[in-house]
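This report introduces the structure shown below to a reader who has not met it before. It begins with the chain as a whole and then turns to selected parts.

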Amino acid sequence: MPRPANPFVRERLLDAGLTLFHARGINAVGIKEVTDTAGVPKGSFYSYHNSKNDFVAAVIDHYWAGVIRDHGVLLTDTSAPPVRRLVAFFESLTQEHAERGFALGCLLGNLALELTDDNGEARQRLADIMDQWSALIGACLAQARSAGDVTATTDTTELASMIIECWEGAVMRGRVDRSRVPFDRFLTVSLPRLLDMARVSV
């Protein structure tokens, strides 16, 4: 595939795909709708992506890059204790969902429920990002355990995966109810219990 001549066109396609997929899912959105929303000719799509599956995988990367840009720094801010960083990260995500009326959910979780066996490339990209997410949170948890702030003996990467899975459940329920109650329950009940935070105030 030739190298795209205009990276701004690629960015417009990714932004359009992200907006449409997040609101309506991947199966309800066609390539023409993406290119119309991006304001580019349909034929130009294939200068950037081999297929819709390839495009979905790229949109997943685009979404994750935005999460890291807007929220990831909170997990690595060494001016704050590790547990506080972890809570701040999920508080920041909660605020973003609140600004959208709790209507869209998490694109990663949404797509996980929608992908089929035909979406192999997108599924693998989603799995890779989930692993990256677990590693980021796991690193923060490892620092918290070294500092004596977390008493849990569970492997930190395993615990991180459990936290993410619990978070995604809260996001799904919040989307159904259009409510922040599941998010607050995650922050005040589920997360502290998962961390076994008997000696930690968040």
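## Confidence in the model

The model is predicted. The chain has a mean pLDDT of 91, and 93% of its residues reach 70 or more. Over residues 197–202, however, the pLDDT is below 50. In the model, this stretch nevertheless has twelve contacts beyond near neighbours in sequence.

## Overall architecture

The chain has eight helices and zero strands. Read from the N terminus on, its elements therefore run α-α-α-α-α-α-α-α, given that helices and strands are assigned as DSSP runs and numbered from that end. The C-alpha trace spans about 60 × 35 × 30 Å along its principal axes.

Of the 202 residues in the chain, 46% count as buried. Among contacts with a separation of 6 or more, 68% are made by residues 24 or more positions apart. The chain exposes about 10,100 Å², and carbon and sulfur atoms supply 52% of this area.

## Helix α1 and its surroundings

Helix α1 covers residues 7–24, 18 residues in number. From its first C-alpha to its last it reaches 26 Å, close to the 26 Å expected at 1.5 Å a residue. At the start of α1, a side-chain oxygen of Asn6 comes to within 2.9 Å of the backbone nitrogen of Phe8. After α1 comes Gly25, which has a positive phi, near 90°.

Several residues of α1 are buried: Val9, Leu13, Leu14, Ala16, Gly17, Leu18, Leu20, Phe21 and His22. With which helices do the buried residues of α1 pack? They pack against α2 (31–38), α3 (52–70), α5 (107–114) and α7 (156–177).

## The loop between α2 and α3

Ser44 is found in the loop between α2 and α3. With a relative accessibility of 18%, Ser44 counts as buried, because the cut-off for that class is under 20%. The side chain of Ser44 reaches the backbone oxygen of Pro41 at a distance of 2.6 Å.

## Ile137 in helix α6

Helix α6 spans residues 120–146, and Ile137 lies within it. Is Ile137 buried or exposed? Its relative accessible area is 0%, so Ile137 is buried.

Which residues is Ile137 in contact with, leaving aside its neighbours within four places in sequence? They are Leu75, Leu86, Phe89, Phe90, Ala160 and Ile164. A further relation in space concerns Thr76: Ile137 and Thr76 are 61 residues apart in sequence, with their C-alpha atoms 9.6 Å apart.

## Salt bridges

The structure holds nine salt bridges. One of them joins Arg125 to Asp61, with the closest N and O atoms 2.4 Å apart. This pair links distant parts of the chain, as Arg125 is in helix α6 and Asp61 is in helix α3, 64 residues apart. Arg125 also forms a salt bridge with Glu121, where the closest N and O atoms are 3.7 Å apart. Both Arg125 and Glu121 lie in helix α6, separated by four residues, about one turn of the helix. Asp61, Glu121 and Arg125 are thus named together as a network of linked salt bridges.

How accessible are the members of this network? Arg125 has a relative accessibility of 23% and so counts as partly exposed. Asp61, at 32% relative accessibility, counts as partly exposed. Glu121, at 35%, likewise counts as partly exposed.

A further salt bridge brings together the side chains of Arg100 and Glu96, at 3.7 Å from N to O. Here the two partners fall into separate classes, because buried means under 20% relative accessible area. Glu96 is buried, with a relative accessible area of 17%, whereas Arg100, at 36% relative accessibility, counts as partly exposed.

Conventions. Residues are numbered from 1 along each chain as its sequence is written. This is a predicted model: local features need pLDDT of at least 70, side-chain atom pairs count only at pLDDT 80 or more; totals for chains, interfaces and linings use all residues. Side-chain values use heavy atoms; hydrogens and water are left out. Helices (H or I, at least four residues) and strands (E, at least two) are DSSP runs, numbered from the N terminus. Buried means under 20% relative accessible area, exposed over 50%, partly exposed in between (1.4 Å probe, protein chains only). Contact means heavy atoms within 4.5 Å. pLDDT is the predictor's confidence in each residue, from 0 to 100. The expected span of a helix is 1.5 Å times one less than its number of residues. A polar contact is a pair of N or O atoms within 3.5 Å; within protein, one must be able to donate a hydrogen and the other to accept it, and residues adjacent in sequence count only if both atoms are side-chain atoms. A salt bridge is a side-chain nitrogen of Lys or Arg within 4 Å of a carboxyl oxygen of Asp or Glu. Accessible areas come from the Shrake-Rupley method with a 1.4 Å probe; for residues, only the protein chains shown count as cover.
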